[in-house]
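Student: I have a chain open on my screen and would like to go through it step by step. Could we start in the middle of a sheet and work outwards?

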Amino acid sequence: MIGHIRRNTHIQDAPGPFKKMGWSALYQAKGCNYVVNDFAGVRGEPEHTVVLPFTERPDGSYAATVYLDAMLDEDYYGNGVCQWQMVGVGAGVMATGTPAESSFRASLQPDQVVAEQPVQLFYWKGYYPRSKTDGFRTWGNNTREKFALEARDNLFSMTLTPKKVQP
């Protein structure tokens, strides 16, 4: 095992409750390809998303464990050993989870996870619980200054904080 990371998510100044939450990690086996369509000669690289169970903590934050080596390196296709790597970790929250609501998303890159680098993103409260567009998704901005001046007093933030966990 390479190691695992406990990722805490904290939402500050939320515009209302978030009852639908989800966390996941994406893994890819770069350079390990397989035939998608023999006739067309189309090849693909395997990838797999792992849904991360989470727990609510007493301080109001949420925690999930991310395994850097969740996927087994193996010769799946008879072309040599596939080397899996985690390529990102994501979080998403919604007011209740109905398809028309806005989804507020955040992500961490592998280097941020390993370096235990927190990421804080800001979101406009006006999109809560839904925007004018059904199913609107926003990834937020890393600074308040990326919002229009009149919107800066109407923001909330989501902070993802990775921490190494000793087995």
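Tutor: Let us begin with one pair of residues: S103 stands opposite R137 in β11. Please keep in mind that this is a predicted model.

Student: Which strand is S103 in?

Tutor: S103 belongs to strand β9. That strand and β11 run parallel and are joined by two bridges.

Student: Is S103 buried or exposed?

Tutor: S103 has a relative accessible area of 5%. Buried means under 20%, so S103 is buried.

Student: What does S103 touch, apart from its close neighbours in sequence?

Tutor: Setting aside residues within four places in sequence, S103 is in contact with V93, M94, F136, R137 and T138. R137 is thus a contact of S103 as well as the residue opposite S103 in β11.

Student: And which side chain makes a polar contact with the side chain of S103?

Tutor: That is R105, and the polar contact between the two side chains is 2.7 Å.

Student: What is the general rule for side chains along a regular strand?

Tutor: In a regular strand, side chains alternate between the two faces of the sheet.

Student: Okay, back to the sheet. What is the order of its strands?

Tutor: The sheet is open and has five strands, in the order β5-β2-β8-β9-β11, with mixed pairing. β5 (47-51) and β11 (137-138) are at the edges, and each has a single partner strand, so one side of each has no neighbour in the sheet.

Student: How do β8 and β9 run?

Tutor: β8 and β9 run antiparallel, and five bridges join them. Within β9, L108 is the residue that stands opposite V89.

Student: Let us look at an edge strand. Is V51 buried or exposed?

Tutor: V51 is located in strand β5. Its relative accessibility is 67%. The cut-off for exposed is over 50%, so V51 counts as exposed.

Student: Which residues is V51 in contact with, leaving aside those within four places in sequence?

Tutor: V51 is in contact with W23 and S24. For a look across the model, take R152, which is 101 residues from V51 along the chain; the C-alpha atoms of the two are separated by 33 Å.

Student: Changing topic: which residues lie nearest the centre of the largest pocket?

Tutor: The residues nearest the centre are G22, A91, G92, S103 and R105, out of 18 that line the largest pocket. S103 and R105 are also the pair whose side chains are joined by the polar contact of 2.7 Å.

Student: How much space lies in the largest pocket?

Tutor: The space in the largest pocket is about 290 Å³.

Student: Which strands supply at least two residues each to the lining?

Tutor: They are β2 (20-28), β8 (85-94) and β9 (103-108). These strands also appear in the order β5-β2-β8-β9-β11 of the open sheet.

Student: How do the lining residues divide into nonpolar, polar and charged?

Tutor: The lining of the largest pocket has eight nonpolar, six polar and four charged residues.

Student: Now the loops. Which peptide bond is cis?

Tutor: The peptide bond from Y128 to P129 is cis, and its omega is near -5°. P129 sits in the loop between β10 (119-124) and β11.

Student: What is notable about phi of D13?

Tutor: Phi of D13 is near 60°, a positive value in a residue other than glycine. D13 is placed in the loop between β1 (4-12) and β2, and its relative accessibility of 44% makes it partly exposed.

Student: And what about phi of E116?

Tutor: E116 is not a glycine, yet its phi is positive, at about 55°. This residue is in the loop between α1 (110-114) and β10. With 29% relative accessibility, E116 counts as partly exposed.

Student: Finally, how many helices and strands does the chain have?

Tutor: The chain has one helix and twelve strands. Read from the N terminus, the elements run β-β-β-β-β-β-β-β-β-α-β-β-β.

Student: What share of the residues count as buried?

Tutor: Of the 167 residues, 38% count as buried, S103 being one of the buried residues. Among contacts between residues at least 6 apart in sequence, 66% join residues at least 24 apart. The C-alpha atoms fill a box of roughly 55 × 45 × 30 Å along the principal axes.

Key. Residues are numbered from 1 along each chain as its sequence is written. This is a predicted model: local features need pLDDT of at least 70, side-chain atom pairs count only at pLDDT 80 or more; totals for chains, interfaces and linings use all residues. Side-chain values use heavy atoms; hydrogens and water are left out. On a 1 Å grid over the protein atoms alone, a cavity is a set of points where a 1.4 Å probe fits but cannot get out, and a pocket is an open set with protein on both sides within 12 Å along at least five of seven lines; lining residues have an atom within 4 Å of a point. Grid points are joined across faces, edges and corners, and a volume is the space filled by probe spheres set on the points. Helices (H or I, at least four residues) and strands (E, at least two) are DSSP runs, numbered from the N terminus. Ala, Val, Leu, Ile, Met, Phe, Trp, Tyr, Cys and Pro count as nonpolar, Asp, Glu, Lys and Arg as charged, and the others, Gly among them, as polar. Buried means under 20% relative accessible area, exposed over 50%, partly exposed in between (1.4 Å probe, protein chains only). A polar contact is a pair of N or O atoms within 3.5 Å; within protein, one must be able to donate a hydrogen and the other to accept it, and residues adjacent in sequence count only if both atoms are side-chain atoms. Contact means heavy atoms within 4.5 Å. Two strands pair if DSSP finds at least two bridges between them.
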